[in-house]
Amino acid sequence: MDGPIEFGQFEEGRHCNYWALDPTIQRELRRVYTDGEFEWAEPRLEEFGEVVGHTIADNADYIATHGPELHSYDKHGEVQNFVRYPAEQFEDEELAYEAGIVADAFRAPPGRDEPMPFSHYFGMLYLLSYAETSGFVCPVAMTAGAAHVLETFDDGTLAEYYEALTSRQYEDVIEGAMFLTEKQGGSDVGAAETTARYDEDSGYWRLTGEKWFCSNIDGEGTLALARTPDAPEGTDGLSMFLVPHGDPDGGVLTKGRRHAFDGAPPPAALNDQYYRRLKDKLGTTAVPTGEVEFDGTKAYLVGEQERGFKQMAEMLNLERLSNAAGACGIMGRALLESRIHAANREAFGKPIQEYPLMRADLVDMTVDHEAATAFTFEAARVFSDRERAVRASEDGTAADGESDRSDAYRLLRLLTPVAKLKTARMAIDTASYAMEIQGGNGYVEEFVTSRLLRDAQVLPIWEGTENVLALDVLRALDREAAHEPFVTTVQERLDGIEHPALSDTAATVESEFHELSGAMADLAGRDAEYAQLKAKRLARYIFDVYTGALLLEEADDALAADDGRMALVARRFVDRELADEEARGITDGDRFAVEYFEPIVHFAPVRAEAVAGPPVEDQS
Ligand SMILES: Cc1cc2nc3c(=O)[nH]c(=O)nc-3n(C[C@H](O)[C@H](O)[C@H](O)COP(=O)(O)OP(=O)(O)OC[C@H]3O[C@@H](n4cnc5c(N)ncnc54)[C@H](O)[C@@H]3O)c2cc1C
């Protein structure tokens, strides 16, 4: 057992190693990787944590106030759709893509015979989010998402694009994007009006219409939804297209080719579209989000016609889990800044971390981070397992979920929206509180907390709002009977808890688990209006029970190795989120946060015997 970590040695959460200072992500990845995978990955994650903590963290601070600019026209009045990025952004891109942030999950990286599980991608994205809190993280996630879609649905026609999306050589890289939202519909994707017709002369599909929110607007591997002639209304009539930024007749416009131009590529090198303007956003400065007009824009059909929405669901699932991993990374950074500041800042003659209320705040922020990360990386593990199974299946079955009735897929359908819904809100809460812990400075732009909060605020909106995700939870239960694998996996975990120090906590989770199962059965018999009214509560309840069981399992394993910290984390989470309390806990005599501050917040070693008893009671 290592630790504690002396957070007071730092002045701020920059110029340090985000991997080395985050035992939570280390533990979660060690848990979901095989030994061989972890051995391969650990030094690389350490190296990436160092790069993100130094160069990328500095660059992110700069880009936050010097973000991309759009120059729609050239000096002759020709449309040039030129997005001008600061050089720091290119440096970040090169560092991240060459570190394999996307490539490693798709191609065997150096030193391995097969790709890493997707958990590795989610782990790197988490680390990147410490610095690039939802900005550059967005294009990275969409690059992985577009690659995932092409790998799953393309018949090889778009192999060049797939190769570029998954390249480790920065010169050969292209990035993905995802154009769904139109003015009349973001949540209601089926309202899309963009049309596609096949042009015999050029051999391309031609798109016409407007897209209203287009992040990474100039991505070369953009996937867009459009309606072909005579297609039905709603989502069933949508097909998926790859819409390059460059004129596809000129070949794939890789990063290397783009940088070879002196400034903007000439208008003749571009596809037929118009970038109207970039949105003036609250945050996420590093990613240009704009409005696009398609006007006979050249495009390739991806997969089957009129299956675009189902295919896009595969990308969305990956984006939603990426969102969750990013949310956990933001929480990690917010917590790092808070731990450092609370150790150094003195008020009334003592470091503020000495005060009971601050101890309780930091304990609860830490427990939230542990809970969010455990849930997200468990979902990432299920995602990785399913992808491996799909890749290994002879016919590549189960591509869009329709023929996939596996437990992994059905469980994932439930865990993904829940992960995105819960972690997004937790990230905002943690970032908001981290700002307050910095005091007045936290509200000042020179400190990172204002950016953390601004960037976190997008997490519940893009890739589906909380309400939309809660409705997706209902769909997963209704259409995929996702409660079946959910119930099995929670029960197995609870049955496996052996250590007596966990018995009270396990009993609480077990009891709530049965109540939750009853609630799921009850909702299944109710009308749609009633079920929708309760959907968000249900999603949160699912998170709490599943996380309770997960943390208990981790605690049980750790106790067997004479490590009591996770037992404390599980106990605090369950007591807070699932246990009944009288008078809101004010009278219960519990001094947990004061007693266990060091092991929980600073990772001080705590042996199993030290947590064997019931929670510390008021002795007065
Ligand atoms: C910074 C940023 C970047 C973005 N980038 C992209 C991008 O790259 N590509 C892309 O396609 N989109 C992008 N979006 C758009 C985003 O995905 C949508 O804004 C989001 O899905 C919501 O859609 P909407 O704006 O049309 O809101 P609406 O769908 O109109 O929703 C408005 C409100 O109504 C609620 N609501 C809707 N339907 C229901 C219902 N049935 N029951 C209960 N409540 C409901 C929603 O929860 C929301 O609170 C981006 C958005 C932002 C802010």
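Let's start with Phe-241: skipping its neighbours within four places in sequence, it is in contact with Ala-196, Trp-205, Leu-207, Ala-224, Ala-226, Ala-299, Tyr-300, Leu-301 and Val-302. Keep in mind that this is a predicted model. From Phe-241 we can move on to the core, the domains, the ligand and one helix.

**The nonpolar core**
- The largest nonpolar core has 190 residues, and Leu-125 and Phe-241 are the ones that touch the most other members.
- Both domain 1 (176-306) and domain 2 (482-611) give residues to this core, so it lies between them.
- That fits a general pattern: in soluble globular proteins, nonpolar side chains tend to be buried together.

**The two domains**
- The domain assignment splits out domain 1 (176-306) and domain 2 (482-611).
- Their C-alpha centres, for domain 1 and domain 2, are 44 Å apart.

**Around the ligand**
- There are 22 residues around the ligand, and those that come nearest are Gly-186, Ser-187, Phe-213, Ser-215 and Thr-465.
- Sorted by class, this shell has 10 nonpolar, 10 polar and 2 charged residues.
- Strand S3 (176-179), strand S5 (204-215) and helix H12 (466-480) each chip in with at least two residues of the shell.

**Helix H11**
- Why is helix H11 (residues 449-456) largely enclosed by the rest of the structure? It's because 6 of its 8 residues are buried.
- The buried ones in H11 are Thr-449, Arg-451, Leu-452, Leu-453, Asp-455 and Ala-456.
- Those buried residues of H11 pack against two helices, H8 (308-344) and H10 (407-437).

Notes: Residues are numbered from 1 along each chain as its sequence is written. This is a predicted model: local features need pLDDT of at least 70, side-chain atom pairs count only at pLDDT 80 or more; totals for chains, interfaces and linings use all residues. A residue is buried if 20 or more other C-beta atoms lie within 10 Å of its own, exposed if 12 or fewer, and partly exposed in between; C-beta atoms are placed from the backbone. Helices (H or I, at least four residues) and strands (E, at least two) are DSSP runs, numbered from the N terminus. Two residues are in contact if their C-beta atoms, placed from the backbone, lie within 7 Å. A residue is near a molecule or strand if its C-beta atom, placed from the backbone, lies within 6 Å of it. Ala, Val, Leu, Ile, Met, Phe, Trp, Tyr, Cys and Pro count as nonpolar, Asp, Glu, Lys and Arg as charged, and the others, Gly among them, as polar. Domain bounds come from an automatic or database domain assignment. A nonpolar core is a set of buried Ala, Val, Leu, Ile, Met, Phe, Trp, Tyr and Cys residues joined through C-beta atoms within 7 Å.
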